[in-house]
Structures are given as C-alpha cells and as structure tokens.
Amino acid sequence: MMSRTADNFNILRQLGFRKVGNLFLLKSSYYLSRLTKKGVVWGSPYALSIEPTTACNLGCPECPSGLKQFTRPTGKLQLDLHAKMLEQTKRSVFYINYYFQGEPFLHPGFLDLIREAKKYRIYTSTSTNAHFITEEKAKEIVHSGLDRLIISVDGLTQSTYEQYRVHGKLEKVISGIQAIVKAKKELKSNTPHLIMQFLAVKPNEHEIPLLDQFAKELGIDDVRIKTAQLYDYENGNPLMPDNDKYARYRKKPDGTYKLKYKLGNHCWRMWSSTVLTWDGLVVPCCFDKDAQHVLGKFGDSDFSEIWKNVQYKSFRTAVLTNRNQIDICQNCSEGAKVWA
C-alpha cells in the first residue's frame with residue numbers, strides 16, 4: 001500500500017526549477033491581488049482539470065451528467081485537442097485531474113490521455129465509479145502510469161449504495177477495486193494511489209464508522225469522506241445527513257437552510273488551476289458544471305492569451321470584491337470558514 005505521504009512526494013517529484021518559479025509567481029500575484037482587489041496574475045496554472053467525456057452510466061440525483069440535465073453537448077475529448085492542451089500548458093503544469101463531469105473510462109482512449117501526459121512529467125489523477133475496471137483493464141491502468149485513482153464508493157451494501165448511485169452495482173465496484181489491487185501487486189507498482197471517496201448523505205452516514213475497516217480489507221490506500229453539494233437545499237433535502245459534521249448546510253431559526261460556511265472574497269483556484277471541457281472550453285473551476293462562465297476556447301486563442309484575457313481578469317476581480325454574488329460560488333466551501 002502507498003501512504004498519503006508517499007503520494008504527496010510523488011507529486012513533488014514532478015517539479016523542476018521552472019515550475020517552482022512559476023508557483024512562486026502565482027502565489028505572489030495571488031496575495032497582491034487580495035491586497036489590491038485587482039485580478040493580477042503572474043505565471044500560469046500549475047494544475048488542470050481536463051474532462052475526458054460528459055457521458056455517464058449512472059443517474060446520481062445531484063449530478064447533472066447522470067441526470068442528463070446539461071445544456072452543453074455530450075461528447076468526448078479528441079486526442080488532437082488534448083495534445084494541444086498539453087503543448088500549451090506543459091511549461092507550468094505538473095498536476096492534471098482527468099475528471100470534470102462524466103465517467104472517464106467511457107472514453108475509449110482514456111488511457112492514451114494518461115500516457116501522453118506522463119511524457120511531460122505530469123502527475124495524473126482521475127475519479128471513477130469503477131464499473132468498467134476488469135482485470136485486463138486494471139493492468140492497462142497500472143501500465144499507463146496513472147498516479148492516483150479516486151473510486152466513488154457511496155455505500156457498503158447494495159441497498160445503501162444504490163440510493164445515491166442510481167443504476168450502480170456495488171459488486172462491480174468491489175470487483176474493480178480488487179482487480180486494481182491485484183494488478184499493482186503483480187506488476188510490483190506503487191501506483192495508482194487508491195483513494196476510496198465516500199459522499200456522505202443521509203442514506204449512508206450510518207456506515208461511515210465502518211469505512212476504514214472496509215477499505216483496509218480491500219487494500220485501499222486512503223479514505224476520504226466528502227460533503228454533498230445539494231442544488232435544492234433551502235427547504236431541506238432528503239439527502240442531508242443528520243450529523244452536522246458531514247453537512248454543508250445549517251438549519252436557520254425559521255426552519256430553512258443556508259450554507260454553513262462564510263465565503264471570503266478570495267479563491268486560490270482562480271490562480272492555481274483551470275478547467276478544460278471535452279470540447280476545449282476554459283471555465284473557472286469545477287463548480288461551473290454546465291460551463292456558464294466560459295473564459296475562452298482552445299483553437300480560438302492560445303491558452304496563454306486566455307489565461308490573462310479581459311474575461312478572466314474580470315472574473316478574478318469579481319471573486320476578490322463580491323464573491324457571494326457569483327452563482328457558482330454560492331454553494332462552494334473553497335477558501336471559506338465555518339460560521340461561528
């Protein structure tokens with residue numbers, strides 16, 4: 001098993017002098033921007049989220065991909081567009097999360113994306129529902145060089161699991177995990193680092209105390225409990241957990257609910273990273289699931305121009321001055337503090 005420390009060290013191994021210098025520039029401009037309330041940016045993003053596809057085999061109740069509620073088209077990332085993304089960002093980027101919306105392994109050339117990124121000394125990660133990981137596919141995953149694999153396991157029994165992962169089969173998930181663990185052992189590989197992600201909702205919160213033992217028995221490296229982002233929460237939601245520790249929302253005296261975090265007028269993500277959709281749109285972050293805040297598009301402009309264009313600067317400035325008025329920020333806990 002690969003420890004969390006070893007995984008973090010693996011990320012740092014991707015750094016060189018140029019990328020360290022770029023990080024310094026990003027941090028410096030971020031803190032200057034917070035002081036001046038102007039969206040100044042020096043350097044380029046060190047991290048990307050790249051969307052392989054918007055297609056998904058499940059129908060999770062809080063996911064626009066699973067519910068087929070996107071206004072943007074469904075499709076898959078073309079290899080030539082992906083090559084362009086890497087070519088234009090390779091000098092600064094050392095971390096790519098190959099996930100935004102959809103199930104990555106539905107992309108027929110998904111592991112080709114990973115192999116291409118590894119040529120540029122980039123740490124690669126993805127998130128999956130694990131329904132398409134066979135023993136053969138598991139060996140391909142290990143051989144690809146994928147550094148981190150986040151597996152969504154939102155229930156420890158089928159009856160619990162299917163309440164959120166609609167149309168999902170827990171036995172397929174467990175089989176996929178076992179295949180990856182077996183492939184890592186057979187190929188004597190420490191990667192991918194396996195993270196079991198558990199989305200805490202009311203139907204499954206009673207199983208949280210069992211997570212560590214469940215993961216240990218399967219050979220998982222790490223466990224993460226994630227709070228659920230709910231779109232309709234003001235009047236309560238049947239998915240809200242009872243334990244406040246696992247909820248993003250708090251009940252007010254009048255019986256309605258609000259985000260329990262206080263949003264600050266800042267967000268490191270606007271300097272550190274960006275999100276690229278399957279068709280080349282550049283959007284601010286992973287909360288803009290339907291690409292309502294398009295800041296540019298690959299093919300129309302070089303990424304270096306998009307990163308510092310008027311639209312991006314205006315969005316950063318809005319985050320620094322009036323973040324709580326930006327729709328995609330209103331359900332976000334990034335850079336926020338819990339209300340006292």
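**A chat about a predicted fold**

Author: Let's start with one residue, Tyr98: leaving out residues up to four places away in sequence, Tyr98 touches Ile50, Pro52, His82, Leu86, Pro104, Phe110, Leu113, Ile114, Ala117, Thr124, Ser125 and Thr126. Keep in mind that this is a predicted model.

Reader: Which residues have the most contacts inside the largest nonpolar core?

Author: Nonpolar side chains tend to be buried together in soluble globular proteins. Here the largest nonpolar core has 86 residues. The ones with the most contacts inside this core are Ile96, Tyr98 and Val153.

Reader: And which helix gives the largest share of this core?

Author: The largest share is 7 residues. They come from the helix spanning residues 170-186, and that is α7.

Reader: How many residues are in the other core, which lies apart from it?

Author: That other core includes Ile11, Leu15, Phe94 and Tyr123. Those are just some of its members, as the core has 6 residues.

Reader: What radius of gyration does the protein have, and why does it agree with a compact globule?

Author: The chain has 340 residues, so a compact globule would have a radius of gyration near 20 Å. The value for the protein agrees with that: 20 Å.

Reader: What percentage of the contacts join residues 24 or more positions apart?

Author: We look at contacts with a separation of 6 or more. Among these, residues 24 or more positions apart account for 69%.

Reader: Is Ser273 buried or exposed?

Author: Ser273 sits in strand β10, residues 273-276. Leaving aside neighbours within four places in sequence, Ser273 is in contact with Pro45, Ala47, Pro284, Trp307 and Tyr312. Its relative accessibility is 16%, and buried means under 20%, so Ser273 counts as buried.

Reader: Where is Lys188, and is Lys188 buried or exposed?

Author: Lys188 is in the loop between α7 and β5. Its phi is positive, about 55 degrees, although Lys188 is not a glycine. The relative accessible area of Lys188 is 77%, and the cut-off for exposed is over 50%, so Lys188 is exposed.

Reader: What about Ala291, buried or exposed?

Author: Ala291 also has a positive phi, near 55 degrees, in a residue other than glycine. Ala291 lies in the loop between β11 and β12. With a relative accessibility of 12%, Ala291 counts as buried.

Reader: Which peptide bond is cis?

Author: Look at Pro192, in the loop between α7 and β5. The bond leading into Pro192 has omega near 5 degrees. The cis bond runs from Thr191 to Pro192.

Notes. Residues are numbered from 1 along each chain as its sequence is written. This is a predicted model: local features need pLDDT of at least 70, side-chain atom pairs count only at pLDDT 80 or more; totals for chains, interfaces and linings use all residues. Side-chain values use heavy atoms; hydrogens and water are left out. The radius of gyration is taken over C-alpha atoms; the globule rule is 2.2 Å times the number of residues to the power 0.38. Contact means heavy atoms within 4.5 Å. A nonpolar core is a set of buried Ala, Val, Leu, Ile, Met, Phe, Trp, Tyr and Cys residues joined through side-chain atoms within 4.5 Å. Buried means under 20% relative accessible area, exposed over 50%, partly exposed in between (1.4 Å probe, protein chains only). Helices (H or I, at least four residues) and strands (E, at least two) are DSSP runs, numbered from the N terminus.
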